[in-house]
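Q: Could you take a close look at one part of this structure, the sheet and the helices that pack in this chain, and describe how the pieces are arranged?

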Amino acid sequence: MHSHEEARQVIDELTGRIYLALRDGALDAEPVIALACLLEEADISTPATRELLERPTAHLTTADVTRLGKRLLRDVRFEPTFALKPSLWVALEQALKLVERDVRSRGITGTLRLVIPDWDDSGHAWVEFRDGYHGNGIRPAEGRDAQEALASVADAAQEVIMELLWKVWPVCSAHDLGLRAELEHKIAVWRCTGNGTHTVARVGELPPERH
């Protein structure tokens with residue numbers, strides 16, 4: 001029997017192994033059966049866990065193992081970490097470069113970077129501004145789509161900048177209202193609530209601040 005914390009750690013290890021093996025086309029039955037046993041032990045019973053435990057291992061074909069491994073990952077709502085899928089981190093870093101254009105266009109200075117703080121065991125990325133953090137971090141899954149990554153990084157950057165500077169950023173020059181990073185027709189944009197809401201610019205393309 002495992003404690004809750006131990007079980008979570010083993011599940012994370014096994015799901016990571018299964019994910020990498022599926023990616024590389026080299027999945028064998030051992031981690032899949034081990035995960036099924038652990039899930040049943042934790043009272044997480046699914047059609048995939050039951051099939052794995054009821055069928056003799058020798059009768060599982062490569063296709064069976066692949067199919068059931070994928071189902072188990074879905075059952076536990078597995079999401080790869082930045083370490084397992086580095087492209088997710090790359091997508092967020094590319095998004096931050098675009099967001100930084102908007103930050104500098106409004107005359108804001110200070111170091112802006114993407115980090116995973118030592119104190120955060122969730123595996124989320126954080127936008128660091130002037131050595132400070134704020135908010136809830138960014139899940140690795142946000143890096144799966146370039147525009148979703150851009151909207152998430154813009155939102156995180158806005159939150160930490162406003163918290164540390166104690167002022168609204170960015171602001172609509174027409175209505176003097178704060179903007180929000182949103183997806184509009186799957187494109188990350190800055191939106192203003194003035195005049196019934198309107199789009200000011202795409203994220204990364206804010207015009208320079210007027211003086």
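A: What follows starts with the sheet, moves to the helix that lies across it, and then turns to the other helix contacts and the chain as a whole.

The model is a predicted one, and the sheet in question is an open one in which 3 strands are arranged in the order S3-S4-S5, with antiparallel pairing. Strand S3 (179-184) and strand S5 (198-202) stand at the edges and have a single partner strand each, so one side of each is left without a neighbour in the sheet. On average, and with direction ignored, neighbouring strands of this sheet are turned by 45° against each other.

Taking the two pairings in turn, S3 is joined to S4 by 6 bridges, and the two run antiparallel. They form a hairpin with 2 residues between them, and histidine 185, which lies in the turn, has a positive phi of about 55°. Across this pairing, alanine 181 stands opposite tryptophan 190 in S4. Strand S4 (residues 187-192) also pairs with S5 in the antiparallel sense, here over 4 bridges, and on that side tryptophan 190 stands opposite alanine 201 in S5. Tryptophan 190 thus faces alanine 181 across one pairing and alanine 201 across the other. In a regular strand, side chains alternate between the two faces of the sheet.

Helix H6 (residues 146-165) lies across S3, S4 and S5, and runs at about 170° to S3. The same helix also packs with another: helix H5 (residues 86-105) and H6 meet at an angle of about 50°, their axes 8 Å apart, and the two are therefore oblique to each other. Their crossing is right-handed. On the H5 side the contact is made by Ala91, Leu92, Ala95, Leu96, Leu98, Val99 and Val103, and on the H6 side by Ala149, Leu150, Val153, Ala154, Ala157 and Ile161. Sorted by class, this contact has 13 nonpolar residues, with no polar and no charged ones.

Elsewhere in the chain, helix H2 (residues 29-41) takes part in two helix contacts that can be set beside the one just described. With helix H4 (residues 62-75), H2 packs at an angle of about 40°, with the axes 10 Å apart, which makes H2 oblique to H4. H2 passes H4 in a left-handed crossing. Here Ala29, Val32, Leu35, Ala36 and Leu39 in H2 meet Val65, Leu68, Gly69 and Leu72 in H4, and by class the contact has 8 nonpolar, 1 polar and no charged residues.

With helix H3 (residues 47-54), H2 packs at an angle of about 115°, the axes being 9 Å apart, and this crossing is left-handed as well. Val32, Ile33, Ala36, Cys37, Leu39 and Glu40 of H2 make the contact together with Thr49, Arg50, Leu52 and Leu53 of H3. The residues of this contact divide into 7 nonpolar, 1 polar and 2 charged.

To place these parts in the whole, the secondary structure of the chain comes to 6 helices and 5 strands, which follow the pattern α-α-α-α-α-β-β-α-β-β-β along the sequence. The C-alpha atoms fill a box of roughly 75 × 35 × 30 Å along the principal axes. The chain has a radius of gyration of 22 Å, whereas a compact globule of 211 residues would have one near 17 Å.

Methods:
Residues numbered from 1 in each chain as written. Predicted model: local features only at pLDDT ≥ 70, side-chain atom pairs only at ≥ 80, totals over all residues. Heavy atoms only, no water. Pairing = 2+ DSSP bridges. Axes fitted to C-alpha atoms, helices over the stretch in contact; angles between N-to-C directions. Contact = heavy atoms within 4.5 Å. Parallel < 35°, antiparallel > 145°, perpendicular 65-115°, else oblique. Left-handed = near helix turned anticlockwise from the far one by under 90°. Nonpolar A, V, L, I, M, F, W, Y, C, P; charged D, E, K, R; others polar. Rg over C-alpha atoms; globule rule 2.2 N^0.38 Å.
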